[in-house]
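Walk me through this chain, from its overall make-up to its sheets and one of its pockets. Keep it brisk.

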Amino acid sequence: MKNKKVVILIVVIIALILLFPIPMRLKDGGSLKFQALLYNVTFYNKLSHTTDDGYIKGIGIEILGVEIFNNTIIEEHTVTEERIKLSDLKIKVEDASANELVKFNGNIYGKSFMVIDYGGDLNKSIGKIDFLIEEQYLPQLDGETNCKEFLGAKVLEVNDKSMILNVNNVAVAFTLIEKENIRRTNGKLLFEKCGEDEENNIVNYNSFVGTVIEETTTYMIVEPNEDEIERKSADRIVINYGTDHHDYLYGKGRKVIIQYTGYIKETYPAQIDTDNILIFGYEDFEISVKKAEKVKKTKILNDMEIHKNNSDVNLYYYGLEEVNIKVDNKTMTLEEAIRSGRMTIDGLLVRANKDVSAGIIKSETYKDGGTTEWYYKDYTIIKCHSLDGDRDVYIGIPEMRLKDIK
């Protein structure tokens with residue numbers, strides 16, 4: 001009987017050793033592991049730069065060294081291939097920076113030259129840019145950026161063409177850089193195909209300004225401006241995209257620029273096959289200004305006068321008598337250019353951001369919600385973006401600053 005009790009005691013002790021777990025706190029941010037000889041259970045609370053709250057959480061179970069359950073998703077920013085230098089690439093992009101990049105949902109986005117007025121919730125988030133690489137490299141994994149300014153920025157919205165980030169509580173637009181528009185400069189393709197080589201394949205487009213009078217997601221009908229050559233062909237022209245824009249419409253009554261090659265089909269309405277449509281006016285223009293005798297601000301127009309769906313933005317001159325534009329091989333006032341559709345207020349700001357990116361001019365952004373000043377030799381442009389809702393645009397003398405117009 002005594003031997004039997006000893007055996008039972010030994011069995012109980014062995015069972016306790018094999019089955020009773022010993023708690024251990026891991027040095028990974030606070031994970032708690034219960035370790036037994038036959039199994040272990042881990043309650044993860046692991047530090048990570050890939051999640052919004054900075055931790056990876058979940059449960060993992062192993063029996064005899066074999067993991068049978070783990071509900072954590074552990075993402076690591078590891079690149080198995082060598083980082084790709086921007087200097088070894090040719091990135092074809094017209095409306096965004098080719099150097100200020102982020103990657104999200106497997107796509108590369110460049111910081112847009114557009115200044116946007118975002119009406120959504122700045123506190124919501126569908127993702128985060130949470131890993132900074134060196135600025136001379138291309139981001140290769142989701143959540144990476146090569147620009148310190150965007151580290152920690154939350155993704156507000158994203159689609160197949162653009163993305164909106166919350167950068168220091170300011171909504172910043174990004175433009176998708178198509179894979180075919182990124183290739184190695186030594187001729188070895190980074191992706192399966194590349195875009196047109198601008199140096200060897202220069203496309204000369206015809207273009208005209210027209211007003212949208214009817215549209216679907218696959219075509220629009222426009223009425224060319226009275227002074228356009230295309231008006232002589234027809235007062236109605238169908239623009240066949242060749243693709244489906246899904247749920248995107250330009251808006252009836254909006255003036256757009258149609259770029260096309262080849263001939264106009266002489267039907268009625270006439271027809272053009274193209275998907276090259278500009279909504280911000282012509283990109284190439286020259287500005288000249290004439291100072292006024294007295295320094296004051298003068299309202300020129302409100303953007304909603306041009307189209308009802310435009311933003312409620314006023315354009316002012318400050319200390320200037322005239323602002324003239326050379327655009328589309330014609331010289332006219334800025335007001336005439338905007339009202340005719342050859343230019344837009346947004347297009348003016350897009351050009352200013354491009355000039356900053358190219359190192360032609362300098363700019364400054366205030367911490368009042370995002371007001372920006374662009375400094376040219378003969379004039380200064382201010383785009384207000386304050387917390388009280390001011391979104392007006394000013395073109396003024398070189399000395400003009402935000403404090404002056406307030």
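What follows starts with the whole chain, then takes two sheets and a pocket in turn.

This is a predicted model. The chain has 406 residues, and 41% of them are buried. Its secondary structure comprises four helices and 29 strands. Take the contacts in the chain with a separation of 6 or more: residues 24 or more positions apart account for 50% of them.

Begin with an open sheet of six strands. Their order is 22-23-29-28-27-26, and the pairing is mixed. Strand 22 (297–302) and strand 26 (362–365) are the edge strands, and each pairs on one side only. Direction ignored, neighbouring strands of this sheet are turned by 15° against each other on average. Helix 3 (residues 345–357) packs on the sheet. The helix touches strand 22, strand 23 (314–318), strand 26, strand 27 (372–375), strand 28 and strand 29. The direction of helix 3 makes about 65° with that of strand 27.

Now look at strand 28, residues 380–383. How is strand 28 joined to strand 29? Four bridges do it, and strand 28 and strand 29 (residues 393–396) run antiparallel. Two pairs can be picked out by eye. Thr380 stands opposite Gly396 in strand 29, and Ile382 stands opposite Tyr394 in strand 29.

Strand 27 is another partner of strand 28. The two pair in the antiparallel sense over four bridges. They form a hairpin, with four residues between the strands. Here Trp374 stands opposite Ile381 in strand 28.

What about the two faces of strand 28? In a regular strand the side chains alternate between the two faces of the sheet. On one side of strand 28 are Thr380 and Ile382, and on the other are Ile381 and Lys383. All four are buried, so both faces of strand 28 are covered by the cut-off of under 20% relative accessible area. Note that Lys383 is among these buried residues.

A second open sheet has three strands. Its order is 21-24-25, with antiparallel pairing. Strand 21 (285–291) and strand 25 (330–333) stand at the edges. Each has a single partner strand, so one side of each is left without a neighbour in the sheet. From one strand to the next, the twist averages 20°. Seven bridges join strand 21 to strand 24 (residues 320–327). Within that pairing, Glu286 has Lys326 in strand 24 as its bridge partner.

Last comes a pocket. Rolling a probe the size of a water molecule over the atoms shows where empty space is left. The second largest pocket has a volume of about 770 Å³. Which residues of its lining are the closest to its centre? Of the 29 lining residues, they are Lys111, Glu149, Val172, Thr365 and Thr372.

The lining brings back parts of the six-stranded sheet. Helix 3, strand 26 and strand 27 each supply at least two residues of the lining of the second largest pocket. Strand 7 (96–104), strand 8 (107–112) and strand 13 (170–176) each do so too. Which strand gives the most? Strand 13 does, with four residues. By class, the lining of this pocket has 13 nonpolar, 12 polar and four charged residues.

Definitions and conventions
Residues numbered from 1 in each chain as written. Predicted model: local features only at pLDDT ≥ 70, side-chain atom pairs only at ≥ 80, totals over all residues. Heavy atoms only, no water. Pairing = 2+ DSSP bridges. Axes fitted to C-alpha atoms, helices over the stretch in contact; angles between N-to-C directions. Contact = heavy atoms within 4.5 Å. 1 Å grid on protein atoms, 1.4 Å probe; cavity = no way out; pocket = protein on both sides within 12 Å on 5 of 7 lines; lining within 4 Å. Points joined across faces, edges and corners; volume = space filled by probe spheres on them. Nonpolar A, V, L, I, M, F, W, Y, C, P; charged D, E, K, R; others polar. Buried < 20%, exposed > 50% of the residue type's maximum accessible area, 1.4 Å probe, protein only.
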